[in-house]
Amino acid sequence: MAHATEHTDAESHADADFSLFDPRFRADPYPGYTRLHAAGRLRRTAFGAWISPSYRVCSQVLRDPRFGRPELPEDGRTRSFLGLNPPDHTRLRRLAAKAFTPRLIEGLRPRIEELAEQLLDAALGQDGAQEQGNVHGQDNAQEQGEFDLVAAFAHPLPVIVISELLGVPTEDRDRFTAWSDTLARALGPEYLLPPDALAEIDSTRGQFEAYFRELAAQRRVQPTDDLLSALVAVCDDGEVLSEAELIATCTLLLIAGHETTVNLIANGTLALLREPQRLAWFRAHPEAAPAVVEELLRFDPPVQLTMRTALVDADVEGVPIAAGEQILLVIGAANRDPEVFADPDRLDFSRAENTGGSAGGTDRHLAFGLGIHFCLGAALARLEGQIALTAFARRVHEPELATDEVSYRDNLILRGPASLPVRHRRG
Ligand code: HEM
């Protein structure tokens, strides 16, 4: 790409200083993003796609109708609307959006609060049940406890919420958690996956489809007030929603509800544990939960990366992008773009840049994307994050991270700890 002088230089470094596959990158991608920023707003990667860490480029491309999802392969597979362009995207998103109005989401608040309290009761050993974690030493067994924040709190909370909303039996949780984990790895482009992953993903997709097909058949006979029943009714009513699209929509919602909010809660807790004075401030100011959650979403976003393909010959920052070429938009880097965020590596709950607005595309961080694919569950995720982190701050006394090294889940797109042992004072 000899046309753009400032980018040519960056390209010649190829990916020497930035690798998505490097385990050090998984543990902490942010120093790599700083180098990526220094190399320019847009560059070509060694594997051919373009990559941009720039807030300006990411937000432009996400709103630009010349960019979208690649052509459907002729594999007979039905994609969810996350993977579709208008007009199919518009039609299917509109149907699902009926379940995500601000009023309906706000109505879930009491249930989410109740769940958060129950899960923390169990994690802290305050429900009469056996505590989930280990107890440290004989002498201080009474004073200290430990639990895995991911397994005991960050994961079950959003999973139960989305299961109840959709109408998926929570008893089946272990089954679809494993499927969901596998399919979440399929969110990225196939060329970024290890070859043996593809077969596993295909077979998991089949199991998930069969599972939803059966549930849909049950709701057809015996409808309830859940989202699945509502979608089944739409599907049976006319030509708006096919059975395959129904299944793809449910799978998307279940995975999106599973795999992202868990990371908001876990990444958010981790950031707070690493800066105890900010956690103390938050504990004293629970009314700041919305601002705290926005800053945590900016600081360490659950979705680090998304992609767009040029649908026609296009240009970005004066660089021609040919139809069919793909751009990786690094949300995690855009959220720390020094052109937009002052002192971007600093966690700052009073940041003015985050108060740009709410759903609809005026947020200043890009954690929920932008444009037509802006996260449908953003209001739900925010509510869950606010409730979970407030409850954690209030109920877990003198919490400390009980490991020196946090291990991350194996996923290129989604970033979050596999487990997060937290030690705390009892009482
Ligand atoms: C789309 C992030 C929670 C449902 C997206 C996108 C992002 C995102 C970045 C856009 C992807 C792209 O443009 O390629 C997040 C984060 C969450 C979260 C960070 C938690 C903190 C949820 C929840 C749900 C949900 C709880 C629903 C239950 C969806 C759906 C889409 C989407 C359906 C596709 C929208 C479309 O294509 O029109 N999300 N999400 N998300 N999200 Fe979320």
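Colleague: What makes strand 2 and strand 8 a parallel pair?

Modeller: In this predicted model, strand 2 (residues 50-52) and strand 8 (residues 326-329) are joined by three bridges in the parallel sense. Pairing needs at least two bridges, so the two strands count as paired. One bridge links Ser52 to Leu329 in strand 8.

Colleague: How do you know that helix 4 packs on this sheet, and which strands does helix 4 touch?

Modeller: Helix 4 (residues 55-63) touches strand 2, strand 3, strand 5 (306-310) and strand 8. A contact here requires C-beta atoms within 7 Å. The direction of helix 4 makes about 125° with that of strand 8.

Colleague: What is the strand order of that sheet, and why is one side of strand 1 left without a neighbour?

Modeller: The sheet is open, with five strands in the order 1-2-8-5-3 and mixed pairing. Strand 1 (43-44) and strand 3 stand at the edges. Each has a single partner strand, so one side of each has no neighbour in the sheet.

Colleague: Which strands make up the antiparallel sheet?

Modeller: Three strands, in the order 4-10-9, form an open sheet with antiparallel pairing. Strand 4 (144-148) and strand 9 (397-401) are at the edges with one partner strand each, so one side of each lacks a neighbour in the sheet. From one strand to the next, the twist averages 25°.

Colleague: How do you know that strand 9 and strand 10 pair?

Modeller: Three bridges connect strand 9 with strand 10 (residues 421-425), in the antiparallel sense. At least two are required, so strand 9 and strand 10 count as paired. His397 has Arg425 of strand 10 as its bridge partner.

Colleague: Stay with strand 9. What is unusual about the phi of Glu398?

Modeller: Phi of Glu398 is near 45°, a positive value, and Glu398 is not a glycine. Most residues other than glycine have a negative phi. Glu398 lies in strand 9.

Colleague: Why is Glu398 called exposed?

Modeller: Glu398 has 12 C-beta neighbours inside 10 Å. The cut-off for exposed is 12 or fewer, so Glu398 counts as exposed.

Colleague: Where is Asp343, and what is its phi?

Modeller: Asp343 sits in the loop between helix 17 (331-334) and helix 18. Its phi is positive, about 45°, although Asp343 is not a glycine.

Colleague: Is Asp343 buried or exposed, and what makes it so?

Modeller: Asp343 has 10 other C-beta atoms within 10 Å. Exposed means 12 or fewer, so Asp343 is exposed.

Colleague: What makes the peptide bond from Pro86 to Pro87 cis?

Modeller: Omega of that bond is near 5°, and the bond from Pro86 to Pro87 is cis. Most peptide bonds are trans. Pro87 lies in the loop between strand 3 (67-68) and helix 5 (88-97).

Colleague: Now the helices. Why is helix 16 called mostly covered?

Modeller: Helix 16 (residues 289-299) has eleven residues, and nine of them are buried. Among the buried ones are Val292, Val293, Leu296, Leu297 and Phe299. Charged names appear in the list too, including Glu294, Glu295 and Arg298. The cover over the buried residues includes helix 14 (261-274), helix 15 (276-284) and helix 18 (378-395).

Colleague: How do you know that Val293 is buried?

Modeller: Val293, found in helix 16, has 26 C-beta neighbours inside 10 Å. Buried means 20 or more, so Val293 counts as buried.

Colleague: Which residues is Val293 in contact with, beyond its neighbours within four places in sequence?

Modeller: Val293 is in contact with Gly268, Arg382, Gly385, Gln386 and Leu389. Val293 and Leu383 are 90 residues apart in sequence, yet their C-alpha atoms are 9.3 Å apart in space.

Colleague: What share of the whole protein is buried?

Modeller: Of its 427 residues, 41% count as buried. The protein has 18 helices and ten strands. Among contacts with a separation of 6 or more, 70% come from residues 24 or more positions apart.

Colleague: What surrounds the ligand?

Modeller: There are 24 residues around the ligand, and the closest are Ala256, Thr260, Gly369, Cys375 and Gly377. Helix 13 (243-259), helix 14 and helix 18 each give two or more residues to this shell. Helix 13 has the largest share, four residues.

Colleague: How do the residues of the shell divide by type?

Modeller: They divide into 16 nonpolar, seven polar and one charged. Among the closest, Ala256 and Cys375 count as nonpolar, whereas Gly369 and Gly377 count as polar.

Terms used
Residues are numbered from 1 along each chain as its sequence is written. This is a predicted model: local features need pLDDT of at least 70, side-chain atom pairs count only at pLDDT 80 or more; totals for chains, interfaces and linings use all residues. Axes are lines fitted to C-alpha atoms, for helices over the stretch in contact, and angles run from 0 to 180 degrees between N-to-C directions. Two residues are in contact if their C-beta atoms, placed from the backbone, lie within 7 Å. A residue is near a molecule or strand if its C-beta atom, placed from the backbone, lies within 6 Å of it.
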